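Open the structure in your viewer and keep the sequence panel beside it. This tour goes from one selection to the next and says what is found at each stop.

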Amino acid sequence: MFLFIFVSNWSGALLPWKIIQLPHGELAAPTNDINTTVALALLTSVAYFYAGLTKKGLSYFGKYIQPTPILLPINILEDFTKPLSLS
């Protein structure tokens with residue numbers, strides 16, 4: 001995934017894709033499309049949850065009440081807004 005993002009970003013930065021006009025739009029870097037970045041952000045979030053659950057089991061959810069249970073809504077909101085900020 002790292003190589004895909006790296007090559008896509010650099011291809012968009014180094015190659016002047018906008019000079020190539022196609023009948024149905026223009027040729028651009030893959031990461032230029034919001035759908036690609038949202039899909040990569042959701043994939044990263046799912047992998048993050050999967051790795052946490054496989055490593056720690058259900059005690060993984062204990063991180064939401066750390067350092068105090070008062071922060072539970074903020075910690076849950078953080079995990080739901082993380083894909084938005086990544087995309």
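Begin by selecting Thr-37, which is buried, with a relative accessible area of 18%; buried means under 20% relative accessible area, exposed means over 50%, and partly exposed is in between, for a 1.4 Å probe and protein chains only. This is a predicted model in which local features need pLDDT of at least 70 and side-chain atom pairs count only at pLDDT 80 or more, while totals for chains, interfaces and linings use all residues. Residues are numbered from 1 along each chain as its sequence is written, and side-chain values use heavy atoms, with hydrogens and water left out.

Thr-37 sits in helix α2, residues 34-56. Helices (H or I, at least four residues) and strands (E, at least two) are DSSP runs, numbered from the N terminus. Now show the side chain of Thr-37: one of its polar atoms lies 2.9 Å from the backbone oxygen of Ile-34. With neighbours within four places in sequence left aside, Thr-37 is in contact with Thr-31 and Ser-87; contact means heavy atoms within 4.5 Å.

Next, move along α2 to Thr-44, which is also placed in that helix. Is Thr-44 buried or partly exposed? Thr-44 has a relative accessible area of 33%, so it counts as partly exposed. Leaving aside neighbours within four places in sequence, the contacts of Thr-44 are Met-1 and Leu-86. Select Pro-83 as well: Thr-44 and Pro-83 are 39 residues apart along the chain, and their C-alpha atoms are separated by 8.0 Å.

From Thr-44, go to its contact Met-1. Met-1 belongs to the segment before α1 (2-14). Which residues does Met-1 touch, not counting residues up to four places away in sequence? They are Leu-40, Leu-43 and Thr-44. Between Met-1 and Leu-40 the C-alpha to C-alpha distance is 8.3 Å, with their positions 39 residues apart in sequence.

The next stop is Ala-28, in the loop between β2 (25-26) and α2. Ala-28 is partly exposed, at 30% relative accessibility. Add Asn-75 to the selection: Ala-28 and Asn-75 are 47 residues apart in sequence, and 37 Å apart in space from C-alpha to C-alpha.

Then find Pro-67, in the loop between α2 and α3 (72-86). The peptide bond leading from Gln-66 to Pro-67 is cis, with omega near -5°.

Finally, clear the selection and view the whole chain. The protein has three helices and two strands, and along the sequence they follow the pattern α-β-β-α-α. The C-alpha trace spans about 55 × 25 × 20 Å along its principal axes. The radius of gyration, taken over C-alpha atoms, is 18 Å, whereas a compact globule of 87 residues would have one near 12 Å; the globule rule is 2.2 Å times the number of residues to the power 0.38.

Of the 87 residues, 16% are buried. Among contacts between residues at least 6 apart in sequence, 36% join residues at least 24 apart. Switch on the surface: the protein exposes about 6800 Å², and carbon and sulfur atoms supply 74% of it. These areas come from the Shrake-Rupley method with a 1.4 Å probe; for residues, only the protein chains shown count as cover.

Note on methods: Polar contact = N/O pair within 3.5 Å; in protein donor to acceptor, adjacent residues only side chain to side chain.
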